[in-house]
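Grab your viewer and a coffee. Here are some exercises, each with a worked solution, to go through at your own pace.

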Amino acid sequence: MKQITYNKYALYEYFVLEKYEAGIVLEGSEVKSLRAGNCNLKESFCFIRNGQLTLKNAHIAVYDKAGAFSTKESKRDRRLLMHRSEIDKIVGKINEKGYTLIPLSLYFSGSLIKVEVALCKGKQNYDKKRTIAERDQKRALERQLKDYK
């Protein structure tokens, strides 16, 4: 499993409750662009429209060597592929207040490209400050352990 990109911003902004794996519908030039690592998930999110899961605002750069075939936008909506039962379960949870669906990472699973999608709940400012404080404490502890050796 080779990771293409990871959404670090999502872990800062949201509490991750559950993770799901989904396939993604792409074109050939987009796959080549992903193999080159030209992708960003920072402001992307997922929503369900007409019973289908859709990825919005994911930036996959236009492949420069595709020529006339690369007429698509880099931030277009892309369909995600999941089983109907999983989508129905997610719909029930998203309808609750404060829950959203955020893509965490893009990776290769064999020759296929998969998206790790997480059911998340938004953090308040005090939660974000606590996360930063915990991270700083962990770094300080690791520094002390490194100096101790």
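What follows is a set of five exercises on this model, each solved step by step.

A word on ground rules first. This is a predicted model, so local features need pLDDT of at least 70 and side-chain atom pairs count only at pLDDT 80 or more, while totals for chains, interfaces and linings use all residues. Residues are numbered from 1 along each chain as its sequence is written, and side-chain values use heavy atoms, with hydrogens and water left out.

**Exercise 1: the overall layout**

Work out how many helices and strands the protein has, and in what pattern they come.

*Solution.* Step one is to run DSSP and number the runs from the N terminus, taking helices as H or I with at least four residues and strands as E with at least two. That gives four helices and nine strands. Step two is to read along the sequence, where the pattern is β-α-β-α-β-β-β-β-β-α-β-β-α. Step three is to box the C-alpha atoms along the principal axes, which takes roughly 55 × 40 × 25 Å. Last, look at contacts (heavy atoms within 4.5 Å): of those with a separation of 6 or more, 67% are between residues 24 or more positions apart.

**Exercise 2: the nonpolar cores**

Find which residues have the most contacts inside the largest nonpolar core, and which elements supply at least two residues of this core.

*Solution.* Start with burial: buried means under 20% relative accessible area, exposed means over 50%, and partly exposed is in between (1.4 Å probe, protein chains only). Buried residues make up 34% of the 149 residues here. Next, join buried Ala, Val, Leu, Ile, Met, Phe, Trp, Tyr and Cys residues through side-chain atoms within 4.5 Å; each such set is a nonpolar core. The largest one has 24 residues, with Leu34, Leu80, Leu106 and Ile113 making the most contacts inside it. Strand 2 (14–24), strand 5 (52–56), helix 3 (84–94), strand 8 (99–109) and strand 9 (112–122) each put in at least two residues. Strand 9 gives the largest share, four residues. There's also a second, separate core of five residues, including Ala10, Ile102, Ala118 and Cys120.

To zoom in, select Leu80 and skip its neighbours within four places in sequence: its contacts are Ala22, Gly23, Ile24, Cys46, Leu53, Leu55, Val115 and Val117.

**Exercise 3: salt bridges across the chain**

Say how many salt bridges the structure holds, then place the partners of Glu13 and Glu30.

*Solution.* The test is a side-chain nitrogen of Lys or Arg within 4 Å of a carboxyl oxygen of Asp or Glu. Seven salt bridges pass it.

- Glu13 pairs with Lys128, the closest N and O atoms being 3.0 Å apart. This joins helix 1 (residues 8–13) to helix 4 (residues 125–148), with the partners 115 residues apart. Glu13 is buried at 16% relative accessible area, and Lys128 is buried too, at 13%.
- Glu30 pairs with Arg76 at 2.9 Å between the closest N and O atoms. Glu30 sits in helix 2 (residues 28–35), while Arg76 is in the loop between strand 6 (59–60) and strand 7 (78–81), 46 residues apart. Glu30 counts as buried, at 5% relative accessibility.

To finish, follow the links: Glu30, Arg76 and Arg78 form a network of salt bridges.

**Exercise 4: around Asp77 and Thr54**

Decide whether Asp77 and Thr54 are buried or partly exposed.

*Solution.* Asp77 has 30% relative accessibility, so Asp77 counts as partly exposed. Its side chain meets that of Arg49 in a salt bridge (3.6 Å, N to O), and Arg49 is in strand 4 (residues 45–49). Thr54 comes out at 7%, so Thr54 is buried. Thr54 lies in strand 5; beyond its neighbours within four places in sequence, Thr54 is in contact with Phe45, Cys46, Phe47, Arg49, Asp77 and Arg78.

**Exercise 5: positive phi**

Check Asn50 and Asn57: where are they, and what is phi for each?

*Solution.* Asn50 lies in the loop between strand 4 and strand 5, with phi near 55°, a positive value in a residue other than glycine. Asn57 is in the loop between strand 5 and strand 6, and its phi is near 65°, again positive. For exposure, Asn50 is exposed at 76% relative accessible area, whereas Asn57 is partly exposed at 26%.
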